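Got the viewer open and a selection box ready? Here is a short walk through the model, one stop at a time.

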Amino acid sequence: MVLFVPGPGSDPLTSLDPRAPLVVDTRELGRRPGSQRQVTRTVPAPAELGIEVLMVPEGAPVELDLRLEAVMEGVLLTGTARAGLVGECVRCLDPVTDEVEVDLQELFVYDDTRGAELAEDDDEVSQLHDDLLDLEPLLRDAVVLALPFQPLCTPDCPGLCPECGADLKQDPDHAHDAPIDPRWAALTELDTDQPERRTS
Ligand SMILES: [Zn+2]
Ligand SMILES: [Zn+2]
C-alpha cells in the first residue's frame, strides 16, 4: 500500500496571497533587527470566527492594530484585534450581541536557515512564508480563548420554564399549579368524559 505524502511544495501555507486580508507583508522591515512597522487595518472576518453559540459574523469588520518588529530569527507581532459578536443566550435563546478585544502576540520566524530549525523544534512558533505572515490561525485561537463558553443575555438570565418553555425573563411570576398526582389523573379524565355520572 502506497500512501501519498504531500511534499513541502504542496502545503498551501507556503504560498500566501499578499492581498488576502489576514496576510501581513513584512518585507518593508527588510529583515533588519530592530526595524518596526505599525499596521492598522480593518478586515472582513473569515467564516466561523468564534464558537458555535457566539461568533463574529462572516464579513463583519475586524479592527487590527498591529506592531511588527524585526528580530534576529524573524518578526515579532504584537497588537490587538477587535470585533463585534452575535450569538444566542444558552438559557433563553435570545440573541446576544457582544464585543471582543484580544491581544495578539506571536513570533513568526523566517522560513529558511535558522528560523526553520526553530519552528521545527517549537510548536508555539509560527513561520513566515516569503516574509508574509498569516494572521488567521493566531486570530482564531485568540478569539476562541476570549469567548465565554456559555453566552448569556444577562448574567442572571432565568431561562425558560422547564414545563412549558415560557420565557421567564418576560414573565417573572410565571408558575404552574402543583402537578397533578398521576394516580388521580386517570380519575380526572373520567370526570371530564362523564361529568354527570360520578360514582362516589
Ligand atoms: Zn437569556
Ligand atoms: Zn411554564
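## A stop at H176

H176 is partly exposed, its relative accessible area being 37%. Bear in mind while you look around that this is a predicted model.

Keep H176 selected and add the zinc ion (ligand 2). Which protein atoms serve as donors to this ion? They are SG of C161, SG of C164, NE2 of H174 and NE2 of H176, at distances of 2.0 to 2.3 Å. Turn on angle labels if you like: the four donor atoms subtend 104 to 116 degrees around the zinc ion (ligand 2), and that makes the arrangement tetrahedral. For reference, four tetrahedral donors would ideally give 109.5 degrees. Along the sequence, the donor residues of this zinc ion are spaced C-x2-C-x9-H-x1-H. Both C161 and H176 sit in the loop between helix 2 (136-146) and helix 3 (182-193), so this pair ties together parts that are 15 residues apart in sequence. Is C161 buried or exposed? C161 counts as buried, since its relative accessibility is 7%.

## The other zinc ion

Now select the zinc ion (ligand 1). Its protein donors are the SG atoms of C89, C92, C153 and C157, which lie 2.2 to 2.3 Å away. This site is tetrahedral too, with 105 to 113 degrees among the four donor atoms. The spacing of its donor residues in sequence reads C-x2-C-x60-C-x3-C. Pick out C92 and C157 from that set: C92 lies in the loop between strand 6 and strand 7, and C157 in the loop between helix 2 and helix 3, so the two tie together parts that are 65 residues apart in sequence. C92 counts as buried at 6% relative accessibility, and C157 counts as buried at 3%.

## Zoom out

Switch to a cartoon of the whole protein chain. How many helices and strands are there? The protein chain has three helices and nine strands. Following the sequence, they come in the pattern β-β-β-β-β-β-β-α-β-β-α-α. Colour by accessibility and you should find that 30% of the 200 residues count as buried. If you have a contact map handy, take the contacts with a separation of 6 or more: 56% of them in the protein chain are between residues 24 or more positions apart.

## Into the core

Next, select V62, L77, L104 and L135. Of the 38 residues in the largest nonpolar core, these four touch the most other members. The elements that each supply at least two residues of this core are strand 2, strand 3 (49-51), strand 4 (54-56), strand 5 (61-70), strand 6 (74-88), strand 7 (95-109) and helix 2.

Hold on to V62 and show its surroundings. Leaving out residues up to four places away in sequence, V62 touches R41, T42, V43, A45, L49, V56, A81, R82, A83 and L139.

## T26 and D131

Move to T26, which lies in the loop between strand 1 and strand 2. T26 is buried, with a relative accessible area of 3%. Beyond its neighbours within four places in sequence, T26 is in contact with L68, V75, L128, D131 and L133. One of those partners deserves a distance label: the side chain of T26 reaches the backbone oxygen of D131 at 2.7 Å.

Stay with D131 and add R31. Their side chains meet in a salt bridge, 2.7 Å from N to O. D131 lies in the loop between strand 8 (126-127) and strand 9 (132-134), and R31 in the loop between strand 1 (23-25) and strand 2 (36-44), so the pair ties together parts that are 100 residues apart in sequence. D131 counts as buried at 11% relative accessibility, whereas R31 counts as partly exposed at 34%.

## More charged pairs

How many salt bridges does a search of the whole structure find? It finds nine. Select D25 and R27 for another of these, where the side chains meet at 2.9 Å, N to O. Here D25 is partly exposed, at 25% relative accessible area, and R27 counts as partly exposed at 45%.

Then try E69 with R67, whose side chains form a salt bridge of 3.5 Å, N to O. R67 is partly exposed, with a relative accessible area of 30%.

For the last stop, select E63, R82 and E99, which are linked in a network of salt bridges. You have met R82 already, among the residues that V62 touches.

Key
Residues are numbered from 1 along each chain as its sequence is written. Chains are lettered from A and ligands numbered from 1 in the order in which they are written. This is a predicted model: local features need pLDDT of at least 70, side-chain atom pairs count only at pLDDT 80 or more; totals for chains, interfaces and linings use all residues. Side-chain values use heavy atoms; hydrogens and water are left out. Donors are N, O and S atoms within 2.8 Å of the metal (3.2 Å for Na, K and Ca); water is not among the atoms, so sites may look incomplete. Four donors count as tetrahedral if all angles lie between 85 and 135 degrees; four count as square planar and six as octahedral if opposite donors are over 155 degrees apart and all others between 65 and 115; anything else is irregular. Helices (H or I, at least four residues) and strands (E, at least two) are DSSP runs, numbered from the N terminus. Buried means under 20% relative accessible area, exposed over 50%, partly exposed in between (1.4 Å probe, protein chains only). A salt bridge is a side-chain nitrogen of Lys or Arg within 4 Å of a carboxyl oxygen of Asp or Glu. A polar contact is a pair of N or O atoms within 3.5 Å; within protein, one must be able to donate a hydrogen and the other to accept it, and residues adjacent in sequence count only if both atoms are side-chain atoms. Contact means heavy atoms within 4.5 Å. A nonpolar core is a set of buried Ala, Val, Leu, Ile, Met, Phe, Trp, Tyr and Cys residues joined through side-chain atoms within 4.5 Å.
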